[in-house]
Amino acid sequence: MTPLILAFPEMEALAGDLANRMSAETAAIDLHRFPDGESLVTLPKKLKGRDVIVLATLRDPDPLALPLRFAAATARELGAKLVGLVAPYLAYMRQDKRFALGQAVAAPLFAKFLEDSFDWLVTVDPHLHRVPSLDRVFRIPAIRVQSAPLIADWIAREVPDAVILGPDSESQQWVAEVARTAGRPYEVLTKVRSGDWQVDVSVPESDALKHGTPVVLDDIASSGRTMIRAMEHLIAAGTRSPVCVIIHAVFAGSAYEDILAAGAARVITTDSIPHQTNVISLADPLAASIAHAMNARLQTH
Ligand SMILES: O=P(O)(O)OC[C@H]1O[C@H](OP(=O)(O)OP(=O)(O)O)[C@H](O)[C@@H]1O
């Protein structure tokens, strides 16, 4: 039977793109909020014997956590075979260690929460800068789509004189990869975070920056302060107007407007989180990885 992609709100467009590439069908998950804040999840009726792919954005994960669990459990009660999760943005991965005594280490706890409900997971570049692979966090088949080749293509095409800038030492690994694929130079900045909205970034002396367009590349823009501080220093140093390339368009509060106001020439993102800045489609590698994850899970079922 054809797999069925069940899209949580906001994910209908990506669901359609994936269905076109995978001979799958799509249907929307109806998510109703009662006045007291509880959720009612309603799935389509014909799930018996089908592989179900739940597609959700976890940009605002807490209100979606229980509906995700309800959707997975209900799909099984209605006869679905495998139930997988495609979460192009995987929340909670930044808290991958105890930064201060008493803190919850959210990354493995959230992973456990998801693997208790789903048979497999596909995500895009999770923020696991200190963890080498998703297998260290998930015990279900978990596949990481890498956006680097798509980002490198976009930069090579749209900003041919790019100097690619990673905001902190942890970004070196993938900024170097994007720069190598795009055939452009790169630099790594130094970031110091002192609070949720307090970040400082220092920019190195760079000959390349005198002649090229700075492209600040980061996996997440949340408060936007990392991007904003990087741009402020670049502009003060006399560079051309920076281009901001962000994988996950989290954009808390007015972050997007603040980044534009700080002088970005362009802000572009992948479609891991629906936003007006999405220009890089992840549908091709996501569709390939979903097929791979379903096969991997079937082999262990
Ligand atoms: O828009 P912002 O609020 O500035 O957040 C975005 C930044 O935060 C993340 O790193 P983080 O500072 O969490 O550091 P880490 O890489 O050590 O987790 C991410 O890699 C960005 O650089």
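**Two domains and a ligand**

In this predicted model, an oxygen atom of the ligand sits 2.6 Å from an N or O atom in the side chain of Asp-218. Let's stay with the ligand for a moment. Lys-191 makes a similar approach: a side-chain N or O atom there is 2.7 Å from a ligand oxygen. Then there is His-127. Its side chain places an N or O atom 2.8 Å from an oxygen of the ligand.

How much of the ligand's accessible area does the protein cover? The ligand has 500 Å² on its own, and the protein covers 92% of that.

Now the wider surroundings. There are 17 residues around the ligand. Those that come nearest are Lys-191, Asp-218, Asp-219, Ser-223 and Thr-226.

Next, the domains. The assignment gives two for this chain. Domain 1 is written in two segments, 4–146 and 282–300. Domain 2 runs 148–280. So much for the bounds. The C-alpha centres of the two domains are 28 Å apart. Domain 1 puts 16 residues into the contact, and domain 2 puts in 22.

On to the interface. Domain 1 and domain 2 bury about 1,700 Å² between them. Carbon and sulfur atoms account for 55% of that area. What is the make-up of the domain 1 side, by class? Seven residues touching domain 2 are nonpolar, four are polar and five are charged.

How many salt bridges cross between the domains? Zero, by the rule used. Polar contacts are another matter. Six residue pairs are in polar contact across this interface, with both partners at pLDDT 80 or more.

Definitions and conventions. Residues are numbered from 1 along each chain as its sequence is written. This is a predicted model: local features need pLDDT of at least 70, side-chain atom pairs count only at pLDDT 80 or more; totals for chains, interfaces and linings use all residues. Side-chain values use heavy atoms; hydrogens and water are left out. Domain bounds come from an automatic or database domain assignment. Contact means heavy atoms within 4.5 Å. Buried area is the accessible area (1.4 Å probe) that two parts lose on being put together, summed over both. A salt bridge is a side-chain nitrogen of Lys or Arg within 4 Å of a carboxyl oxygen of Asp or Glu. A polar contact is a pair of N or O atoms within 3.5 Å; within protein, one must be able to donate a hydrogen and the other to accept it, and residues adjacent in sequence count only if both atoms are side-chain atoms. Ala, Val, Leu, Ile, Met, Phe, Trp, Tyr, Cys and Pro count as nonpolar, Asp, Glu, Lys and Arg as charged, and the others, Gly among them, as polar. A residue is near a molecule or strand if one of its heavy atoms lies within 4 Å of it. Accessible areas come from the Shrake-Rupley method with a 1.4 Å probe; for residues, only the protein chains shown count as cover.
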